[in-house]
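The following note sets out points for a colleague who is examining this structure at the bench. Please read the points alongside the sequence and the model.

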Amino acid sequence: MMKPVILLAALLLLAPQVSAQTFPQATGRIVSVGGAVTEIVAKLGLGDRLVAVDSTSLHPPEMRALPQVGYMRALSAEGVAALHPDLVLLSDNAGPPAAIEQMRGLGIPLKLIPDHPTPDGVADKIRAVGAALGRQGEAETMSRETTDRLAAVSRVVEKAAGRPRVLFLMGLGRGAPVAAGRNTAADAMIRLAGGINAIDGYDGYKPASGEAILDAAPDVLLLPTEAVDAAGGRDAVLALPQFAGTPAASSGRLVVMDTLYLLGFGPRLPDAVADLARSLHPELAQDLANDAAPRPGGLL
C-alpha cells in the first residue's frame, strides 16, 4: 500500500496547478494605469478589485470615484507603494522610467501592458490584461468580439465615396494648438474611419501655427471635448482666426469626441470608429447602424 505522505505528494502533482502569477493578482488589490487598461479590467468583472487608477481612467464612470495616482506619465513610486497593491497594471506608455524602476526596486508586482494604436494592438492589450489577471478565457472572448465588430465597421467604411482631410488638434487657448501627425492614435483613428490625416509632414504631436493649419486645408476639424469647452463651445472654435479660410470652418464641419473614447484604443474602439465614420461620411450612417450596430459612445 502506498504510504500516506507519498500518496499526498502524488495527488499534488496530478492536481491542476494555479499560477502564482495570476491567481493572487486577480483576487487582490489592483492599481490600474492607463484608461484603456482600466476599461478592460472593469469589463472583465474585476473593477471591484481596483484600489486606485490614474487620471486618464475615466470609463466606466464609477472609476472616477477611485483614488488617483496621478497622470500616467508622471507617476510617483511612493504614492503607488502607499496603496500596498498586489499588482500594478501599467500601459507601456506609463512613466517616468525612473518611477517604474523604483517600484520594481520596492518589490511592487508590475505588469506592463502593450499599447499600440492598431486593431491588433487592442486585441493584444485585452489578452495581456486577461493573462495578468487569470481571465484568459474571458479576455479571448472580448478580444474576438472587439475584432469582429471592428471588421464589420471597416466593411461599411470601405463603401465611402471620398476621404475627407481631417485635422486633429489639442490645447486650444494655450498658445499654438497641438496637431497630430503620423504614427499617433489620432492618425490611426482618422484612417480607420475613412479619412486622411491633414498633417503628414511629421510624426507625433507638434504645435501648429495658423499658417500650417491653413496649408493643411482640413475638410473636418476633430477636437477633444475639453478643448472645445475651454474655447467656449463649437461656434467659438469655428470663429477662431487660425481656422479662418479652411474648408472645415467654411462648412462648419467640427467633430467633437471624448478623448479616451477617441484615442484610448480599448474595447470601445469599434464604437468610436463607427461614430467618427458617421461624422465623416453621413451617407453611411444607416449602413453603420444596420451592419455595424455600434453602441452609444462618446460622440458629442
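1. The largest nonpolar core contains 52 residues, and those with the most contacts inside it are Leu-89, Val-129, Leu-133, Leu-222 and Leu-276. Helix 14, which spans residues 269–280, gives the most to this core, with 7 residues. Apart from it lies another core, of 20 residues, including Leu-167, Ala-208, Ile-213 and Leu-223. The reader should keep in mind throughout that this is a predicted model.

2. On the overall composition, the protein chain holds 15 helices and 10 strands. Of its 300 residues, 47% are buried. Among contacts between residues at least 6 apart in sequence, 60% join residues at least 24 apart.

3. Leu-89 merits a separate entry, as one of the residues with the most contacts inside the largest nonpolar core. When neighbours within four places in sequence are left aside, the contacts of Leu-89 include Ile-30, Val-31, Ser-32 and Val-33, together with Val-37 and Val-41. Further contacts of Leu-89 are made with Lys-111 and Ile-113, and with Val-129, Ala-132 and Leu-133.

4. Strand 1 (residues 30–33) and strand 2 (residues 50–53) run parallel and are joined by 3 bridges. Within this pairing, Ile-30 has Leu-50 as its bridge partner in strand 2. Between the two strands the chain passes through helix 3 (residues 35–43), and the resulting β-α-β crossover is right-handed.

5. Is Ser-91 buried or exposed? This residue is found in strand 3, which covers residues 87–91. Ser-91 has a relative accessible area of 3%, under the 20% cut-off, and therefore counts as buried. Beyond its neighbours within four places in sequence, Ser-91 is in contact with Val-33, Gly-34 and Val-37, with Met-72, and with Leu-112, Ile-113 and Asp-115.

6. Helix 6 comprises 14 residues, 119–132, and reaches 20 Å from its first C-alpha to its last, close to the 20 Å expected at 1.5 Å a residue. Its buried residues are Gly-121, Val-122, Ala-123, Lys-125, Ile-126, Ala-128, Val-129, Gly-130 and Ala-132. A charged side chain, that of Lys-125, is thus listed among them. Helix 6 is followed by Gly-134, which has a positive phi, near 70°.

7. A search of the whole structure finds 12 salt bridges. Which residue forms a salt bridge with Asp-271? The partner is Arg-149, with the closest N and O atoms 2.6 Å apart. Asp-271 lies in helix 14 and Arg-149 in helix 7, so this pair ties together parts that are 122 residues apart in sequence. Asp-271 counts as buried at 3% relative accessibility, and Arg-149 also counts as buried, at 16%.

8. Helix 7 (residues 136–157) also contains both members of another salt bridge, Glu-140 and Arg-144, which are 4 residues apart, about one turn of the helix. The closest N and O atoms of Glu-140 and Arg-144 are 3.9 Å apart. Glu-140 is partly exposed at 28% relative accessibility, and Arg-144 is partly exposed at 44%.

9. Helix 8 (residues 185–192) contains the pair Asp-187 and Arg-191, again 4 residues apart, about one turn of the helix. Their salt bridge has its closest N and O atoms 3.0 Å apart. Asp-187 is buried, at 7% relative accessibility, whereas Arg-191 is partly exposed, with a relative accessible area of 46%. Elsewhere, salt bridges that share partners join Asp-124, Arg-127, Glu-140 and Arg-144 into one network.

10. How many of the residues of helix 8 are buried? The helix is mostly covered, with 7 of its 8 residues buried. These are Ala-185, Ala-186, Asp-187, Ala-188, Met-189, Ile-190 and Leu-192. Helix 8 is followed by Gly-194, whose phi is positive, near 85°.

Notes. Residues are numbered from 1 along each chain as its sequence is written. This is a predicted model: local features need pLDDT of at least 70, side-chain atom pairs count only at pLDDT 80 or more; totals for chains, interfaces and linings use all residues. Side-chain values use heavy atoms; hydrogens and water are left out. The expected span of a helix is 1.5 Å times one less than its number of residues. Buried means under 20% relative accessible area, exposed over 50%, partly exposed in between (1.4 Å probe, protein chains only). A nonpolar core is a set of buried Ala, Val, Leu, Ile, Met, Phe, Trp, Tyr and Cys residues joined through side-chain atoms within 4.5 Å. Contact means heavy atoms within 4.5 Å. Two strands pair if DSSP finds at least two bridges between them. A crossover is right-handed if, with the strands pointing away from the viewer, the path from the first strand over the helix to the second runs clockwise. A salt bridge is a side-chain nitrogen of Lys or Arg within 4 Å of a carboxyl oxygen of Asp or Glu.
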